[in-house]
Each structure stands twice: as structure tokens, then as C-alpha cells.
Amino acid sequence: MTFENNLAFAQSLDRQDPLYHLRDEFLFPKQHGTPFIYLCGNSLGLQPKTARSYVDQQMTNWENQAVEGWFEGNSPWMYYHKELKELMANIVGATPAEVCPMNTLTVNLHLLMVSFYRPTAQRFKIIMEAGAFPSDQYAVESQVRFHGYDPKDAIIEVAPREGENTLRTEDILAEIAGNGDQLALVLFGGINYFTGQWFDMPAITRAGHNAGAIVGFDLAHAAGNVPLELHNWGIDFACWCSYKYQNAGPGGISGIFVHEKHFSDTTINRFAGWWGYNEQLRFKMEKGFTAEAGADGWQVSCTQVIPMALYHASLKLFEKAGFIAPLREKSKQLTAYLQFLITEVNQVLGFEQYKIITPAAESARGAQLSIIAQFNAKEIFNSLVANNILGDWREPNVIRLSPVPLYNSFEDVFTTASRLLTISKELITPKH
Ligand SMILES: *Cc1c(COP(=O)(O)O)cnc(C)c1O
């Protein structure tokens with residue numbers, strides 16, 4: 001599409017957008033009574049207007065039924081997760097049996113590594129991206145130590161080349177192949193939180209498997225953002241949080257994926273709890289753990305009903321949107337429009353004040369653009385916020401802007417760029 005840098009054009013795209021009305025389903029934070037243009041859904045998604053009633057429903061169930069709520073009523077808590085599984089499966093491209101909502105993200109990463117990082121004297125290494133989200137780095141380092149290895153020996157980080165900001169797929173694949181006989185696990189983010197780079201997940205999975213390793217992904221920035229085919233790509237395991245692109249609220253419940261090829265493997269270890277026990281027999285309270293079939297067998301504690309209610313509210317909006325395919329079509333346009341307008345801002349300023357480090361190829365990014373602001377970065381970010389544009393800030397000079405197709409419009413993107421230009425003209429004193 002050929003974009004135009006004017007408000008009427010942005011508004012015409014909004015009029016043609018079949019998903020435009022979905023923004024009415026969300027609550028926007030305000031500043032001095034005016035709603036923010038919210039471009040921070042990569043960090044914390046907005047509250048669906050229905051979220052409160054989903055929680056209220058469970059409060060009422062608790063009030064009226066108390067302990068009987070586990071088995072009685074319109075949707076007994078014992079089986080509540082099954083309603084979510086159907087919806088989650090659509091978001092990540094899995095069968096319902098392969099996914100389950102439980103715990104929080106880093107906790108699940110640990111639980112899944114207990115099952116899928118099984119180092120031997122020969123194969124004990126893990127390959128991951130350099131600059132992974134810190135929680136993932138800490139999780140992996142501590143898992144490695146837990147097995148008695150030194151992270152310096154066991155963790156291989158693939159880094160961008162000198163002078164580059166993102167990884168080349170060929171470098172990732174070469175590193176995997178080059179360490180083939182020592183590799184236990186390939187553990188990558190689906191999308192890197194800092195750069196917004198969407199890795200070539202099928203290629204990484206194939207390379208990992210060719211090397212004889214297990215392949216897992218942290219999909220915190222990918223789930224609900226880009227189309228995923230976890231089952232068809234043959235990925236072994238994955239986990240994600242629900243509070244970024246999936247709008248399930250701060251600290252929202254996490255989701256896991258375990259590929260069905262592992263369901264019948266009884267040698268897989270897990271840190272078990274009663275909720276992972278065979279559902280039919282769970283309340284016999286017997287000695288000796290027998291796992292429930294599928295991803296549900298990784299549950300540890302009883303269902304977190306309130307966080308699940310919040311996730312449920314949001315998943316129903318994805319269902320209303322037609323799940324990821326239509327959202328992705330809009331998302332590609334929104335992000336491409338933002339990219340186009342940032343380039344226009346640079347042109348007016350006469351130099352590359354804003355350098356987008358997120359890959360330009362749409363197959364290598366989701367909604368987010370990570371932008372290095374060359375001069376006066378922090379002042380510019382603060383001024384955007386003062387002008388009702390809420391993106392997010394990463395030290396030392398990166399502004400992340402994520403137009404989210406569920407609730408952002410082309411007009412939001414246009415207004416963001418036009419305010420950015422005004423602010424830049426006011427604030428920048430380039431030293432050249
Ligand atoms: C957001 C994010 C987390 C956060 O983990 P929590 O356990 O939910 O606090 C972890 N890893 C990645 C890659 C993230 O983007």
C-alpha cells in the first residue's frame with residue numbers, strides 16, 4: 001500500500017478497518033481527562049470493559065456456592081481452564097490438549113525446563129539469544145547451575161554482528177549446527193522484547209531438531225501478536241504471559257504449550273503437584289503421581305480462578321476479532337504506517353534522528369517498533385507522554401512504540417508521528 005502523511009488518509013484507513021469498533025471494548029488510561037494514545041501493549045495490554053464482569057461472575061460464584069463452586073454451577077472451577085484452552089489453542093496454533101493456563105511466565109519457564117532440559121555429560125549446552133529478557137537469562141543460568149554446570153560453559157548466546165542490532169537467522173542456524181553434538185536445548189524468545197525482532201521460529205526449530213536438541217520458545221512478545229503454528233512447526237514446548245498483547249491484567253496467568261509428541265513419554269520428569277494428577281482420580285488423594293494427559297499434566301496448584309477469568313474476558317475479544325489472522329493483517333499495516341511516518345519525520349528534520357532497529361521485513365517483526373532517538377532521547381520520550389502518547393522507554397535511548405490492532409487506529413499512529421515531529425523540532429539541538 002502507498003501511504004500518505006496526512007490525517008484524512010489515516011482516517012480513511014480507519015473507516016475501511018473492519019476491526020475498528022473493537023477499540024470500544026477497551027478502557028484507555030487518561031491524563032487530565034484526555035485518553036492516552038496507548039502504544040504500550042507490548043508491556044501491559046489495556047483492560048477490556050468486560051473484564052470486571054468476568055471477575056464479578058466468579059466473585060458471585062464464590063459468594064453463593066463457596067466450596068461447591070469447584071464442582072457446581074454454570075462453570076465449575078474444576079473445569080474452568082478447559083474453556084480457556086479452546087481459545088488459547090487458536091492464539092498459538094496448537095490443539096487444546098497441548099495448552100494450559102497456569103502460574104506465571106517465569107515459573108512456567110522453570111517448570112518446563114525441569115522437563116525439557118535434561119543435560120547429559122555429552123549434551124548439556126543451551127543456545128539462546130544474547131540480550132534475552134533478564135528473567136529468562138536468570139532462569140536459564142539458575143537451571144544450568146541446578147544441574148551442576150557453569151553457565152559460562154553451558155550457555156551459548158547468539159549475538160548480533162558488530163555494528164548490527166538484530167540477529168541474522170544464518171548466524172543462529174550456524175551456531176546451532178556448530179554445537180550440534182553438545183546441544184541439549186535451544187531456547188529462544190519468539191520476539192525479542194528489546195529489538196522487536198521476530199525470529200524465524202520454524203527454521204530454528206528444524207535446526208535444533210537436526211542437531212538432536214529440544215526446542216522451546218518464550219512467547220511473551222509473540223503470543224497474541226503474530227501468527228504462530230506451534231503444533232505444525234513441531235516446537236517441543238513454549239510458554240507466554242497473558243498480560244502483554246493478550247490484555248489479561250498485571251501479573252496475569254501464563255500459558256504453556258507442550259507438543260503432543262511428548263504426551264506418552266513417561267520418562268519426562270516434572271515438578272509435580274496435585275492439580276497435574278489424573279483428573280478423574282485426583283480427589284481419591286492417593287499416593288503415587290499419575291499425570292493427567294496433555295499439557296494439563298504440568299499443572300501444579302489448583303486453578304487460579306480470578307486470573308483465569310481475566311484471561312477469559314480477553315480471549316473472548318480475540319474470538320470476536322476472528323483470532324490472529326485478521327488482527328495480523330491490520331497489525332502489518334499499522335506498523336508499516338508508523339515506520340513510514342517515522343521516516344517522514346526524519347526527512348523533515350533533515351537527518352536520521354530516529355533509527356528503527358526493529359527489522360524492516362514484516363516476516364521478522366510484530367506490532368512493535370524499537371526506535372533509537374539519536375538526540376535528547378529521554379526528553380523526547382517524556383514530552384510524548386506529556387502530549388498523551390504512552391509508549392515505553394528502554395535505557396539508554398530506545399523508545400518502543402507498539403500499535404496494537406485490537407485497540408489502536410491509523411489516526412493514533414498519524415497523531416503520534418505528527419506530535420513526535422513537533423516535539424523534535426522544539427527539543428532537538430543536534431551537535432553537528
Ligand atoms: C515480559 C517477559 C517476562 C516476564 O516474566 P513474568 O514471569 O511474567 O514476570 C519474561 N520473559 C520475557 C521474554 C518477557 O517478555
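## Exercises on a two-domain protein

Across the interface of domain 1 and domain 2, 9 residue pairs are in polar contact, both residues of each pair being at pLDDT 80 or more. The structure is a predicted model, and the exercises below examine the interface, the ligand site and the backbone.

### Exercise 1. The two domains

State which residues make up each domain and how far apart the domain centres lie.

*Solution.* Begin with the division of the chain: domain 1 comprises 7–35 + 323–427, and domain 2 comprises 53–321. Next, consider the C-alpha centres of the two domains, which are 30 Å apart. Finally, turn to the contact, to which domain 1 gives 30 residues and domain 2 gives 25 residues.

### Exercise 2. The buried area

Determine how much area domain 1 and domain 2 bury between them, and which residues of domain 1 lose the most.

*Solution.* The size of an interface is often expressed as the accessible area lost when the parts come together. For domain 1 and domain 2 this area is about 2300 Å², of which 64% lies on carbon and sulfur atoms. On the side of domain 1, the residues that lose the most area to domain 2 are Phe-323, Ile-324 and Ile-357, together accounting for 31% of what that side buries.

### Exercise 3. Composition of the domain 1 side

Identify the elements and residue classes that form the side of domain 1 touching domain 2.

*Solution.* First, list the elements that give two or more residues: they are helix H11 (324–349) and strand E17 (398–401). Of these, H11 provides the largest share, with 5 residues. Then sort the residues of this side by class, which gives 15 nonpolar, 7 polar and 8 charged residues.

### Exercise 4. Salt bridges

Find how many salt bridges the whole structure contains and how many cross the interface of the domains. Then explain the spacing of Glu-329 and Lys-332.

*Solution.* A search of the whole structure yields 16 salt bridges. Across the interface of domain 1 and domain 2, the rule finds 1. The side chains of Glu-25 and Lys-320 form a salt bridge, with N to O at 2.5 Å; Glu-25 falls within the range 7–35 of domain 1, and Lys-320 within the range 53–321 of domain 2. Another salt bridge joins Glu-329 and Lys-332, whose closest N and O atoms are 3.3 Å apart. Because these two residues are 3 residues apart in helix H11, about one helical turn separates Glu-329 from Lys-332.

### Exercise 5. The ligand

Name the residues around the ligand and give the distances from its oxygen atoms to polar side-chain atoms of Thr-106, His-221 and Lys-244.

*Solution.* The surrounding residues are Leu-105, Thr-106, Phe-133, Asp-136, Asp-218, Ala-220, His-221, Tyr-243 and Lys-244. A side-chain N or O atom of Thr-106 is 2.6 Å from a ligand oxygen. For His-221 the corresponding distance to a ligand oxygen is 3.1 Å, and for Lys-244 it is 2.5 Å.

### Exercise 6. Backbone exceptions

Locate Pro-396 and His-32, and describe the backbone at each.

*Solution.* Most residues other than glycine have a negative phi, and most peptide bonds are trans. The peptide bond from Glu-395 to Pro-396 is cis, with omega near 0°; Pro-396 lies in the loop between strand E16 (392–394) and E17. His-32 has a positive phi, near 45°, and is located in the loop between strand E2 (30–31) and strand E3 (34–35).

Methods
Residues numbered from 1 in each chain as written. Predicted model: local features only at pLDDT ≥ 70, side-chain atom pairs only at ≥ 80, totals over all residues. Heavy atoms only, no water. Domains from an automatic or database assignment. Contact = heavy atoms within 4.5 Å. Buried area = accessible area lost by both parts, 1.4 Å probe. Salt bridge = Lys/Arg side-chain N within 4 Å of Asp/Glu carboxyl O. Polar contact = N/O pair within 3.5 Å; in protein donor to acceptor, adjacent residues only side chain to side chain. Helix = DSSP H or I, 4+ residues; strand = E, 2+ residues; numbered from the N terminus. Nonpolar A, V, L, I, M, F, W, Y, C, P; charged D, E, K, R; others polar. Near = heavy atom within 4 Å.
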